[in-house]
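Please open the model in your viewer and keep the sequence panel beside it, since the tour moves between the whole chain and selected stretches of it.

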Amino acid sequence: MHISEGILPWATLAGGYAASALGVAIGLKKIEDQQMVKTAMLSSTFFIASFIHIPLGPTNIHLVMNGFIGLLTGWSCFIAIGIALLLQALLFQFGGITTLGINTFNMALPALACFLIFSPFLSSKKISVLLTGFFSGFVSVFLSALLLSFSLVTAGEPFIPAAKLVFAANLPLMIVDGMITALALRFIERVKPEILTS
């Protein structure tokens, strides 16, 4: 999911930074003191979950968990994911500084979308936590792969085959991420259910 440096045009990079900065600003405005520790812990979760990479053309595939993070942090997902990506870029050269904005946008926007779509189901309990978690994990990776592919397309025609390949390669990851998100939410429901509705 990390786009490396030196691939995308400056317009895409600038647009990614602008959109991510807006998301971070809204997240900072909405975050409350008692949510800061949870946001930091979920940033660590994202950092670790995306640590195992499989190189694929100009990008990599790995466990994402952005749907899980979005469900539990809301708008603060831009902060959690942005910080994790910044540390990965600085410490391990995953992605890069110039692509930090677009990489954050590609993963945080789907996380926010999952929060807006699926968090009401966690509160109302009309759908089981397992199903909510699975669809949240599946949809978040689907949307991130779609945004990643669109980002690569902006680099020009030579990157269109890579964009298609990246999206196809992430199809199995959508199922795996959905299953792990479902199990993680089920575990939280058993040990500390108030986290799901706070």
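Begin with the whole chain and display its contacts: among those between residues at least 6 apart in sequence, 78% join residues at least 24 apart. Bear in mind throughout that this is a predicted model.

Next, colour by secondary structure, which brings out nine helices and two strands; followed along the sequence, these elements appear in the order α-α-β-β-α-α-α-α-α-α-α. The radius of gyration is 16 Å, close to the 16 Å that the globule rule gives for 198 residues, so the chain is as compact as a globular protein of that length. If you align the view with the principal axes, the C-alpha trace spans about 50 × 35 × 25 Å.

Now select residues 6-28, 40-56, 68-92, 104-123, 129-153 and 165-188, each of which carries the feature "transmembrane region" in an unreviewed UniProt entry. Two of these stretches deserve a separate look. Across residues 6-28 the chain is 83% helix and 0% strand, with the end C-alpha atoms 30 Å apart, while across residues 68-92 it is 88% helix and 0% strand, with the end C-alpha atoms 24 Å apart.

Then switch to a surface representation of the whole chain, where about 9400 Å² is exposed and carbon and sulfur atoms supply 75% of that area. How many of the 198 residues count as buried? The share is 47%.

Finally, select the charged side chains, of which 9 are positive and 7 negative, and note that the centres of the two sets lie 10 Å apart.

Key:
Residues numbered from 1 in each chain as written. Predicted model: local features only at pLDDT ≥ 70, side-chain atom pairs only at ≥ 80, totals over all residues. Heavy atoms only, no water. UniProt positions renumbered as here; feature names shortened; annotations may be inferred. Helix = DSSP H or I, 4+ residues; strand = E, 2+ residues; numbered from the N terminus. Rg over C-alpha atoms; globule rule 2.2 N^0.38 Å. Buried < 20%, exposed > 50% of the residue type's maximum accessible area, 1.4 Å probe, protein only. Contact = heavy atoms within 4.5 Å. Areas by Shrake-Rupley, 256 points an atom, 1.4 Å probe, with all protein chains shown as cover. Lys, Arg positive; Asp, Glu negative; His and termini not counted. Charge placed at Lys NZ, Arg CZ, Asp CG, Glu CD.
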